[in-house]
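Colleague: Please take a close look at the interior of this model and connect what you find there to the rest of the chain. I am a first-year student, so a slow and careful account would help me.

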Amino acid sequence: MKNVRKLTALTRAGIIESLQFRLGTAVTLFGNLIYLSLVYFLWKAIYDSSGTDVVNGMTFYDTMIYLILATAIFNFLEMFIIWDMSRMVQSGEIVMHLLKPMKYRLYTFWSYSGSHISLFFLTFLPTFIVVMIVTKGAIPLGWNLLGFVISLVLALIINFNIEMLVAPICLYTESTWGINIVKETIVLLLSGATIPLVFFPESFRKVVEFLPFRAVYDIPLTILLKKDGSDSLEGLLPLIGLQLFWCVVLIIAGNLFWNHAVKRITVNGG
């Protein structure tokens, strides 16, 4: 119970901290409106030039619903662990975090948990409600919502461990700007957050479907929208199973790399 109180205290502090930067949230939402406007006109042109209402099994409105929800998920799943760790290594602050009685990886995860919770209610939930109203209930409601929530929690864990697998590189380089840009580009592209995976070439898509990136955005949205047979238990279990598999693999890989990389820490004066 003592450990639970510590973790919930970190979550509560994260919620309070995230609510202090309401202007930042508003600016992010405004930027997303501009991004989604560009996405709308881009995909409208693609469908108009295709000569058909259905491309790779998705209509224009199916594609827009997918991409709007993917953007909303990105808003509250986004983490800045790599940037934060890079700055802490450069300033030497990383040493103070390592001296804390809680393990750094565990502390970092629960420190971010509060902002994820608050941003879920401030960004994703309103977006979901607006989509439901505008599309007049195009998103099916039922047991898929429970599966979506479970999948979303697993996606959060996977995304965190991808971040923690890349972040320790700054212990070797002291700067991860370029590496982080490459990581974000790969994740957003191969996860289906910018282009639905059904639009990928078939041979390439078969490879991407087994990578961990898909488990961050595409799998939760597939479950929510009841695509690819995910509305049945037989279709749902393989998707959740793939996420669990990558959770275990990335946690183990991240811990091993962190334990090795942390020995490389050097700060001014020592």
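Modeller: Helices (H or I, at least four residues) and strands (E, at least two) are DSSP runs, numbered from the N terminus. This is a predicted model, in which local features need pLDDT of at least 70 and side-chain atom pairs count only at pLDDT 80 or more, while totals for chains, interfaces and linings use all residues. Residues are numbered from 1 along each chain as its sequence is written, and side-chain values use heavy atoms, with hydrogens and water left out.

Let us begin with phenylalanine 124, which sits in helix α6, covering residues 104-134. Its relative accessible area is 3%, and therefore phenylalanine 124 is buried, a word that stands for under 20%, with exposed meaning over 50% and partly exposed anything in between (1.4 Å probe, protein chains only). Once neighbours within four places in sequence are set aside, phenylalanine 124 is in contact with Leu69, Ala72, Ile73, Phe76, Leu119 and Phe148, where contact means heavy atoms within 4.5 Å.

Phenylalanine 124 is also among the residues with the most contacts inside the largest nonpolar core, together with Leu69, Ile73, Leu77, Met85, Ile139 and Ile158; this core has 69 residues. Helix α3, residues 60-77, gives the most to this core, with 11 residues. By a nonpolar core I mean a set of buried Ala, Val, Leu, Ile, Met, Phe, Trp, Tyr and Cys residues joined through side-chain atoms within 4.5 Å. In soluble globular proteins, nonpolar side chains tend to be buried together.

Isoleucine 139 shows another part of this core: not counting residues up to four places away in sequence, isoleucine 139 touches Ile65, Leu69, Phe128, Val131, Met132, Leu224 and Leu225. Leu69 thus appears in the contacts of phenylalanine 124 and in those of isoleucine 139.

Threonine 71 belongs to helix α3, and its relative accessibility of 7% is why threonine 71 counts as buried. Apart from neighbours within four places in sequence, threonine 71 is in contact with Asn32, Tyr35 and Leu36. Although 53 residues along the chain lie between the positions of threonine 71 and phenylalanine 124, their C-alpha atoms are separated by 8.6 Å.

How does this interior fit into the whole chain? The protein chain has 12 helices and 2 strands, and from the N terminus on the order is α-α-β-β-α-α-α-α-α-α-α-α-α-α. Buried residues make up 42% of its 270 residues, and of the contacts between residues at least 6 apart in sequence, 78% join residues at least 24 apart. Taken along the principal axes, the C-alpha atoms fill a box of roughly 65 × 40 × 35 Å.

Away from these buried residues, glutamate 234 in helix α12 (residues 233-261) has a relative accessible area of 63% and so is exposed. Lysine 226, in the loop between α11 (218-224) and α12, counts as partly exposed because its relative accessibility is 33%, and lysine 226 has a positive phi of about 55° although it is not a glycine. Asparagine 56, in the loop between β1 (54-55) and β2 (58-59), has a positive phi near 55° too, and with a relative accessible area of 46% asparagine 56 is partly exposed. Most residues other than glycine have a negative phi.
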